[in-house]
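Let's take a walk through a protein model together, one piece at a time. Keep the picture beside you and follow along as you read.

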Amino acid sequence: MTYPQQPGDHGQFTPAPQYPQQGHYAPAAQPQNGLGTAGFVTGLIGLILFWVPLIGLVLAIIGVSLSGVGLAKANRGEANNKGLAIAGLVCGTVALVILLIAFLAYAAR
């Protein structure tokens, strides 16, 4: 490809300087919250399986723990799905309350 010569150009081509285009920057990496998600899943399964005493109890405790850590990370800005961590905390806590009521009802009979 040849370019038309300008007077005084002497056949040399000087490319225009390249500047970065405005607004075309790489997106920032999104923070993740795997602990909040794991807490939600285990808290929900603990809530669903509350009638299986040991499994429901263990899953609810793990769900509350993981969701609490995930919520703390979300509050510090290190994670992005605070709502899921809160839902896991609620599900795990409800499962623990139901298990406590069931245990007290069983012990009182």
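A residue is called buried when its relative accessible area is under 20%, exposed when that value is over 50%, and partly exposed in between. With that cut-off, 20% of the 109 residues in this chain are buried. Please keep in mind that you are looking at a predicted model.

Start with the overall plan. The chain contains three helices and zero strands, so reading along the sequence gives the pattern α-α-α, with helices taken as DSSP runs. The surface that the chain exposes comes to about 8000 Å², and carbon and sulfur atoms supply 69% of that area. How do residues that lie far from one another along the sequence come into the picture? Among contacts between residues at least 6 apart in sequence, 69% join residues at least 24 apart.

Now go to helix H1, which covers residues 34–48. Its 15 residues should span 21 Å at 1.5 Å a residue, and the end C-alpha atoms are indeed 21 Å apart, so expectation and model agree. Which residues of H1 are buried? They are Gly36, Gly39, Thr42, Gly43 and Gly46. These buried residues cover an arc of only 135° around the axis, which means that they sit on the same side of H1. On the other side of H1 you will find Gly34 and Ile48, and both are exposed. The buried residues of H1 pack against H2 and H3.

Two residues of H1 deserve a closer look. Threonine 42 lies in this helix and counts as buried because its relative accessibility is 15%, under the 20% cut-off. Its side chain reaches the backbone nitrogen of glycine 63 at 3.4 Å. What else does threonine 42 touch, if we leave out residues up to four places away in sequence? The list is Leu59, Ala60, Ile62, Gly63 and Leu66.

Leucine 35 is also in H1. Is leucine 35 buried, exposed or partly exposed? With a relative accessible area of 31%, leucine 35 is partly exposed, because this value falls between the 20% and 50% cut-offs. Not counting residues up to four places away in sequence, leucine 35 touches Leu66, Ser67, Val69, Gly70 and Lys73. The C-alpha atoms of leucine 35 and glycine 63 are separated by 9.3 Å, while the two residues are 28 residues apart along the chain.

Next comes helix H2, residues 53–75. At 1.5 Å a residue, its 23 residues should span 33 Å, and the end C-alpha atoms are 33 Å apart, which agrees. The buried residues here are Gly56, Leu59, Ala60, Gly63, Ser67, Gly70, Leu71 and Ala74. They pack against helix H1 and helix H3.

Serine 67 is a good residue to pause at in H2. Its relative accessibility is 0%, so serine 67 counts as buried. Which residues does serine 67 contact, leaving aside its neighbours within four places in sequence? They are Leu35, Gly36, Gly39, Phe40, Ala85, Gly88 and Leu89. You have already met Gly36 and Gly39 among the buried residues of H1, and Ala85 and Gly88 will return among the buried residues of H3.

Follow the chain onward from H2. The helix is followed by glycine 77, whose phi is positive, near 85°. In this part of the sequence you can also look for a pair of charged side chains. Glutamate 78 forms a salt bridge with arginine 76, and their closest N and O atoms are 3.2 Å apart. The count of salt bridges comes to one. Arginine 76 counts as exposed because its relative accessibility is 54%, whereas glutamate 78, at 41%, is partly exposed.

Finally, arrive at helix H3, residues 82–108. Its 27 residues should span 39 Å at 1.5 Å a residue, and the end C-alpha atoms lie 39 Å apart, which agrees. Buried in H3 are Ala85, Gly88, Cys91, Gly92, Ala95 and Leu99. What do these residues pack against? Their partners are H1 and H2. To put the picture together, look once more at the buried residues: those of H1 pack against H2 and H3, those of H2 against H1 and H3, and those of H3 against H1 and H2.

How values were computed:
Residues are numbered from 1 along each chain as its sequence is written. This is a predicted model: local features need pLDDT of at least 70, side-chain atom pairs count only at pLDDT 80 or more; totals for chains, interfaces and linings use all residues. Side-chain values use heavy atoms; hydrogens and water are left out. Helices (H or I, at least four residues) and strands (E, at least two) are DSSP runs, numbered from the N terminus. The expected span of a helix is 1.5 Å times one less than its number of residues. Buried means under 20% relative accessible area, exposed over 50%, partly exposed in between (1.4 Å probe, protein chains only). Contact means heavy atoms within 4.5 Å. The arc is that of the directions from the helix axis to the C-beta atoms. A polar contact is a pair of N or O atoms within 3.5 Å; within protein, one must be able to donate a hydrogen and the other to accept it, and residues adjacent in sequence count only if both atoms are side-chain atoms. A salt bridge is a side-chain nitrogen of Lys or Arg within 4 Å of a carboxyl oxygen of Asp or Glu. Accessible areas come from the Shrake-Rupley method with a 1.4 Å probe; for residues, only the protein chains shown count as cover.
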